[in-house]
Amino acid sequence: MADSSEILAGLDRDQSIAVTAPAGPLCILAGAGTGKTRAITHRIAHRVRSGQVRAQHVLAVTFTARAAAEMRERLGRLGADGVQARTFHAAALRQVRYFAPRLFSGRDMPQLLDSKARLVGLAATKAGLKTDREVSRDLASEIEWAKASLVEPDDYAAAAAKALREPPFDGALVGKVYAHYERAKRAQGVIDFEDMIRAAIWAVEEHPDVAEQVRAQYRHFVVDEYQDVNPMQQRLLDAWLGGREDLTVVGDASQTIYSFTGASASYLVDFRRRHPGATVVRLTRDYRSTPQVVGLANAVISRARGELSRLRLELVGQRPAGPEPTVKTFADEPEEAAAVAARCAELIAAGTPAREIAVLFRVNAQSEVYQEALAEAGIPYVVHGTERFFERTEVREAMIALRSYRGPHEGGLLEIVHTALERVAWRADAPPAGGAQRERWEAVAALVSLAEGMATLSLDEFNTELQRRAALQHVPTVEGVTLSSLHSAKGLEWDAVFLVGLTEGTLPVIHARTPDAVEEERRLLYVGVTRARHTLWLSHAAARTPGGRARRPSRFVPTTASAGAASAGAAPAPRRPLDKAAVAGRVRRVMAVSCRVCGTGLVNGADRKLGRCSTCPSDLDEDLLARLVDWRARLAAIQKVPAFVVFTDVTLSAIAERRPSRREELAAIAGIGPRKLMLYGDDVVALVGGTSVDALARSIDEV
């Protein structure tokens, strides 16, 4: 257990100032990679270990369960056990449940909705709207924004217009859906997450006995990521404080990227006005990224305008020099994706683990072409979403299946896990081609990977370990390149980061029409840049598809990589001259593909593989497809890779439809490049010709 002096050891000058600042309002402006979590956990531990505060009187709140778990773990190592570190939602839920008999006339807390989707759909129908899943989701987002912003249904239309929001329907109609949704909740006796936080506010504001008890328990507050607080969360924080001033907040105005959810950095900007005499400390030493990456980040954010730019921080890289960021332009998106995949392969071959590489994009729809390119290159990947891992439906179902397994325990842990997961229709040799189904398969595959690394445990011991990790939100690491939106990547970091699709209309996104909205898009790129520790690539495609309409590169990207290195104030690292011939050999140009049935040009990746529109009739050979799936499963097992690394489901379907009799015909299927043609071409042609999988066993063993 560390004593107070040990807690201060190893801190830089600015971190030490933040840690030892006197009680009272403290604002820590912490740039990306500057050690903000270190500063606030050491501040809490220093105050606890020096006797200034008692651990049980401290409440630290943040925005993700993962961040809260990391904070608790660090505080435990620093000897500050007993400090409550929770998300706003978890802290509010704990209090509402505790005080429920007082708040709900002796009853337990009403049931908490997992999802708004069903009730929003019912509300939309009552309002006279026909909706699908996507529209219902958009309506739910508008309701969440309104509630987080403390806007009632009757005021929605005016508030949305003032905020320049673009709801899926007329503001008055959305307000009507919102009102019907609130009535539906009351009729069914349920509440949503926003109601739960409002109940926590109401408990303290309207019940003096509750307020007295809460404020006696929590006397010292710490708020992480303060730039992301919304009006409802700020009101809860004010209720907890009750006019007291022992408050530490930490944030970075340049990482404000969630305004669309109701988050407002104005509380960070106005902190000194709201708390006269507050101490303000700036952390600018970046320990995450090389000076070259830091320099590019500074170059991107240096042109920021508007109110938030007043708190802009100039970062100073502390790591040794690294390579200059790469800025590239490609003819079209398939070419861009193929080049990214080729560079990922080089990095992995040179020793960078696949899990330390990320491909980041502005919108999720950009993911598909990179999934296809990475699969073609034989590189495993993981699609990263915003949903908390252990709260995903498929993960919960998998853990239930593992806990309830009563079958034979003759094999090792991995065999038992595979058998148990068959109950939730998961198979190692049957990953879906992409999209949401693929994400669900990958999530369960992560549990299987954990089992591989814990082969000596019994199933009961493995289940106990999963429960422990779930409680700590300790998400398993999957060995694969991460594909993620820029919003989902916030708070994460990798050795190598590819920022792709950086075109006007995508970043800034086409609906960013106001100066404030454009500035938020700039900050989104800044967040992306600061995710990289060492290697950074920025690219855009001049057209979406081969021969398509020309697009301009994003206005936020410096015209040359040297702009970043120059701003860093460090000499560029030596770099080999670009071998254009080698790059040209690696990057496979993807030509225009038309539907072989109706002749329509194909854009969707799956349609391009199949060579036809999804609505045109299929002539799939079911027997051939079954043999291809069997062949792929055997090959993947021998190579010890996921089946999709050999060929995706869509590629196998395309082969079973088009039945190529020669290697040249196989090469014409989108997504089958020279490498896969060399490795698997003869086998596939043989299978198409009628050869059995058993007859190919020898060639499979030799691959």
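**Figure 1. Strand β2 and its partner β6 run side by side in this predicted model.** Start with strand β2, residues 58-62, which is joined to strand β6, residues 220-223, by 4 bridges in the parallel sense. To find your place in the pair, look for Val61 of β2, whose bridge partner in β6 is Val223. A general point helps here: strands of a sheet pair through backbone hydrogen bonds, and the pairing is either parallel or antiparallel. How many of the residues of β2 are buried? The count is 5 of 5, so the strand is mostly covered, taking under 20% relative accessible area as buried. Both faces share in this: Val58, Ala60 and Thr62 are buried on one side, and Leu59 and Val61 are buried on the other.

**Figure 2. A helix links β2 to β3.** Strand β2 also pairs with strand β3, residues 84-87, and these two strands are parallel, with 4 bridges between them. Here the residue to look for is Ala60, which has Ala85 of β3 as its bridge partner. Together with helix α4, residues 65-77, the two strands make a right-handed β-α-β unit.

**Figure 3. Strand β6 pairs with β7 as well.** Now move to β6, where His220 and Val222 point one way while Phe221 and Val223 point the other way. Are these four side chains buried or exposed? All of them are buried. Strand β7, residues 247-251, runs parallel to β6 and is joined to it by 3 bridges. Val223 appears once more, this time with Val249 of β7 as its bridge partner. Helix α12, residues 231-241, completes a right-handed β-α-β unit with β6 and β7.

**Figure 4. Val223 sits in the largest nonpolar core.** This core has 50 residues, and Val223, Tyr226 and Trp240 are the ones with the most contacts inside it. Which helix gives the most to this core? Helix α5, residues 88-103, does, with 8 residues. Zoom in on Val223 and, leaving aside neighbours within four places in sequence, you can find its contacts with Val61, Phe88, Val229, Leu237, Leu247, Thr248, Val249 and Val250. A second core, separate from this one, has 32 residues, including Leu296, Leu315, Leu360 and Leu502.

**Figure 5. Six strands form an open, parallel sheet.** Read across the sheet and the order is β11-β16-β15-β12-β14-β13. Why is one side of β11 and of β13 left without a neighbour in the sheet? Strands β11 (326-332) and β13 (381-383) stand at the edges, and each has a single partner strand, so one side of each has no neighbour there. From one strand to the next, the twist averages 25 degrees.

**Figure 6. Helix α17 packs on the sheet beside β12 and β14.** Strand β12, residues 357-361, and strand β14, residues 481-485, are parallel and joined by 4 bridges. Within this pair, Leu360 stands opposite Ser484 of β14. Helix α17, residues 367-376, touches β12, β13 and β14, and its direction makes about 170 degrees with that of β14.

**Figure 7. Strand β16 is largely enclosed by the rest of the structure.** Of the 12 residues of β16, 10 are buried, which is why the strand counts as largely enclosed. On one pairing, β11 and β16 run parallel over 6 bridges, and Thr329 has His540 of β16 as its bridge partner. On another, β15 and β16 are parallel over 5 bridges, with Val497 opposite Leu536 of β16. Helix α23, residues 515-529, lies across β12, β15 and β16, running at about 135 degrees to β16. Strand β15, helix α23 and strand β16 make a right-handed β-α-β unit.

**Figure 8. Two buried cysteines, and a search for disulfides.** How many disulfides does a search of the whole structure find? The search finds 0. Cys27 counts as buried because its relative accessibility is 3%. Cys344 also counts as buried, at 0% relative accessibility.

**Figure 9. Stepping back to the whole protein.** The protein has 32 helices and 16 strands, and buried residues make up 54% of its 703 residues. Among contacts between residues at least 6 apart in sequence, 77% join residues at least 24 apart.

Notes:
Residues are numbered from 1 along each chain as its sequence is written. This is a predicted model: local features need pLDDT of at least 70, side-chain atom pairs count only at pLDDT 80 or more; totals for chains, interfaces and linings use all residues. Side-chain values use heavy atoms; hydrogens and water are left out. Buried means under 20% relative accessible area, exposed over 50%, partly exposed in between (1.4 Å probe, protein chains only). Two strands pair if DSSP finds at least two bridges between them. A crossover is right-handed if, with the strands pointing away from the viewer, the path from the first strand over the helix to the second runs clockwise. A disulfide is a pair of cysteine sulfur atoms within 2.5 Å. Axes are lines fitted to C-alpha atoms, for helices over the stretch in contact, and angles run from 0 to 180 degrees between N-to-C directions. Contact means heavy atoms within 4.5 Å. A nonpolar core is a set of buried Ala, Val, Leu, Ile, Met, Phe, Trp, Tyr and Cys residues joined through side-chain atoms within 4.5 Å.
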